[in-house]
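Q: I am new to this structure and would like a close look at a single part of it. Please take me there slowly, starting with the surroundings.

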Amino acid sequence: MRYHQVSPNQVLLALLLEADPSEASIKRYLPYAWCFVATENTDIRAACIVAPIEYQETQDTPTVVEIFNVSVHAEYQQQGIGSKLLKFAINSLKEKGVIRVELGTGAFGYQLTYYHRLGFRIDSVLKDHFLDHYTDPIFENGIQHKDMLRLYLNI
């Protein structure tokens, strides 16, 4: 597996929909994002989509970024590819001068455990985020996601 950065137009929408069910949301953040991928031969198996959200006042260098999407094709999940990709992305971000990585995720479920294992911590709770920003309800293990946890990692 090879881990590297590609342009946003190289990542298929179908893959990104695995982690974010809102096509409109993906189309908002993808054009200005950094896209890190795991490839085998020329096939993208996983993607991590990151976008700058805060810059240093004196430079054009982003200091804070947000991870908007970490997706692994279903047949390649549970093999460590997503974790290795996220670690690669975080190291790449550090090399770019980023000092803080943020993201939003559901208040329960495997994603929360996944991010905690990688060192992310809870920053805040956005009540009713998934009710207010998604037209279709999002369920996991028979429970509807309502609130979003905002997580961060200082790198």
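What follows concerns the charged side chains, and in particular which residues are linked in a network of salt bridges.

A: This is a predicted model, in which local features need pLDDT of at least 70 and side-chain atom pairs count only at pLDDT 80 or more, while totals for chains, interfaces and linings use all residues. Residues are numbered from 1 along each chain as its sequence is written, and side-chain values use heavy atoms, with hydrogens and water left out.

The protein chain holds five helices and nine strands (DSSP runs numbered from the N terminus, with H or I over at least four residues for a helix and E over at least two for a strand). Read from the N terminus, these elements follow one another as β-α-α-β-β-β-α-β-α-β-α-β-β-β. The protein chain is as compact as a globular protein of its length, because its radius of gyration of 15 Å is close to the 15 Å that the globule rule gives for 155 residues (the radius is taken over C-alpha atoms, and the rule is 2.2 Å times the number of residues to the power 0.38). Of those 155 residues, 45% are buried, where buried means under 20% relative accessible area, exposed over 50%, and partly exposed in between, with a 1.4 Å probe and protein chains only.

Turning to the charges, a search of the whole structure finds seven salt bridges, each being a side-chain nitrogen of Lys or Arg within 4 Å of a carboxyl oxygen of Asp or Glu. In general, side chains of opposite charge can pair when their charged atoms come close. One pair is formed by the side chains of Asp43 and Arg45, at 3.8 Å from N to O; here Asp43 is partly exposed at 38% relative accessibility, whereas Arg45 is buried at 13%.

The network asked about links Glu66, Arg100, Glu102, Asp123 and Arg150. Within it, the side chains of Glu66 and Arg150 form a salt bridge with 2.8 Å from N to O. Since Glu66 lies in strand 4 (residues 62–72) and Arg150 in strand 9 (residues 148–154), this pair ties together parts that are 84 residues apart in sequence. Glu66 is buried, at 13% relative accessibility, and Arg150 is also buried, with a relative accessible area of 13%.

Arg150 has a further salt bridge, with the side chain of Glu102, at 3.5 Å from N to O. With Arg150 in strand 9 and Glu102 in strand 5 (residues 100–106), this second pair therefore joins parts that are 48 residues apart in sequence. Glu102 has a relative accessible area of 17% and so counts as buried.

Asp123, another member of the network, is placed in strand 6 (residues 121–126) and is partly exposed, with a relative accessible area of 47%. Leaving aside neighbours within four places in sequence, Asp123 is in contact with Arg100, Arg150, Leu151 and Tyr152, contact meaning heavy atoms within 4.5 Å. By the same cut-off, among contacts in the protein chain between residues at least 6 apart in sequence, 67% join residues at least 24 apart. Gly82, by comparison, is 41 residues from Asp123 along the chain, and the C-alpha atoms of the two are separated by 23 Å.
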